[in-house]
Amino acid sequence: MTTATRSPAGSGEQPQPGSAAEFPLVGQLRLNLSALGIEPDAPDFAERFFRMACDNELYRLEFSADGELIVMPPSGWESGANEQAASSRVAIWQDDNGGLSFPPTVMFNLPSGARYIPDASWISQEHYERLLSQEYQSTIDGAPDFVVEVRSRTDNLADGLAKMQEWMDGGARLGWYLDPYETRAYVFRPGQPAEVLDNPESLSGEDVLPGFVFEVRRLIFARHNPQAGHGE
């Protein structure tokens with residue numbers, strides 16, 4: 001049975017950055033590409049950006065709707081384990097239910113112009129079949145149907161939640177932002193305020209991934225805070 005308290009993210013409660021912000025680590029580097037003479041509106045920008053990301057695979061490179069190149073530091077073992085926990089469980093569900101899941105290596109092009117790589121994602125069978133009918137593309141147009149982002153030690157909470165809203169605005173049908181440092185899960189649904197769950201035992205794929213249950217407390221939260229494994 002899930003033990004959690006729920007409150008809308010937009011209800012006036014302001015999420016606190018938490019202990020992760022206290023780590024003296026360098027976070028994201030943001031560069032304005034236009035100021036550097038690189039025009040994101042160029043016809044071949046998407047392909048060139050993808051190639052640049054492949055040539056610098058030690059870092060995760062993304063591109064914001066504001067025209068900024070986002071350079072993120074390499075994932076540490078904590079972040080890598082969290083990403084794998086989420087993406088591998090979605091992949092297992094996909095084997096019996098269709099569609100296609102992705103680890104944190106696939107880039108999505110949002111209608112806003114942003115190009116992001118989620119920590120875990122899944123597209124429906126219909127979306128997958130549309131991809132098969134197209135010519136080969138290095139990235140996927142539109143948001144995934146289901147998207148997961150896991151906060152790392154260098155991530156700013158407000159930025160992470162704003163990015164999740166971008167995913168939803170871009171067409172995602174269900175999104176989770178998992179904060180292992182505050183043991184909170186933020187559940188995003190189209191047209192609704194995010195729902196905040198305090199140390200939930202599990203999360204449901206709802207009608208987007210029917211029957212999918214992710215044991216977020218055991219698989220992620222308890223690794224960072226052993227007390228979280230006992231619930232409240």
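Which residue is the bridge partner of serine 121 in β10? In this predicted model, that partner is valine 147. The pairing offers a convenient point of entry, and the account below starts from strand β10.

The bridge between serine 121 and valine 147 belongs to a pairing of β8 with β10, which is antiparallel and comprises three bridges. Valine 147 also has a bridge partner in β11, namely glycine 175. There the two strands, β10 and β11, run parallel and are joined by five bridges. The connection between these parallel strands involves helix α4, which spans residues 157-169; together, β10, α4 and β11 form a β-α-β unit of right-handed sense.

How is β10 placed with respect to the rest of the structure, and how many of its residues are buried? Five of its five residues are buried, so the strand is largely enclosed by the rest of the structure. In a regular strand, side chains alternate between the two faces of the sheet. In β10, one side carries Phe146, Val148 and Val150, while Val147 and Glu149 lie on the other. Both faces are covered, and each of these residues is buried, Glu149 included.

Phe146 leads from the strand to the hydrophobic interior. The largest nonpolar core has 24 residues, and those touching the most other members are Phe146, Trp176, Leu178 and Phe214. Several elements each supply at least two residues of this core: the helices α2 (77-97) and α5 (216-224), together with the strands β8 (120-123), β10 (146-150), β11 (174-179) and β12 (184-188). Another core, of 21 residues, lies apart from this one; among its members are Ile140, Leu161, Ala172 and Phe188.

Phe214 illustrates the contacts made within this region. Leaving aside residues up to four places away in sequence, Phe214 touches Ala85, Ala86 and Arg89, as well as Trp176 and Leu178. The remaining contacts of Phe214 are with Glu201, Ser202, Leu203, Leu219 and Ile220.

Strand β11 also contains a charged residue, aspartate 179. Is aspartate 179 buried or exposed? Its relative accessible area is 0%, and since buried means under 20%, aspartate 179 is buried. The side chain of aspartate 179 reaches the backbone nitrogen of glutamate 182 at 3.3 Å. Beyond residues up to four places away in sequence, aspartate 179 touches Arg151, Leu157, Arg184, Tyr186 and Phe221.

The loops provide further points of detail. Threonine 154 is found in the loop between β10 and α4, where it is partly exposed, with a relative accessible area of 25%. Threonine 154 and methionine 72 are separated by 82 residues in sequence, yet their C-alpha atoms are 9.0 Å apart in space.

Two other loop residues have a positive phi without being glycine. Asparagine 199, with phi near 45 degrees, is situated in the loop between β13 (195-198) and β14 (203-204). Glutamate 206, with phi of about 50 degrees, is situated in the loop between β14 and β15 (213-214). Which of these residues is buried, and which is partly exposed? Asparagine 199 is buried, with a relative accessible area of 5%, whereas glutamate 206 is partly exposed, at 31%.

Terms used
Residues are numbered from 1 along each chain as its sequence is written. This is a predicted model: local features need pLDDT of at least 70, side-chain atom pairs count only at pLDDT 80 or more; totals for chains, interfaces and linings use all residues. Side-chain values use heavy atoms; hydrogens and water are left out. A nonpolar core is a set of buried Ala, Val, Leu, Ile, Met, Phe, Trp, Tyr and Cys residues joined through side-chain atoms within 4.5 Å. Buried means under 20% relative accessible area, exposed over 50%, partly exposed in between (1.4 Å probe, protein chains only). Helices (H or I, at least four residues) and strands (E, at least two) are DSSP runs, numbered from the N terminus. Contact means heavy atoms within 4.5 Å. Two strands pair if DSSP finds at least two bridges between them. A crossover is right-handed if, with the strands pointing away from the viewer, the path from the first strand over the helix to the second runs clockwise. A polar contact is a pair of N or O atoms within 3.5 Å; within protein, one must be able to donate a hydrogen and the other to accept it, and residues adjacent in sequence count only if both atoms are side-chain atoms.
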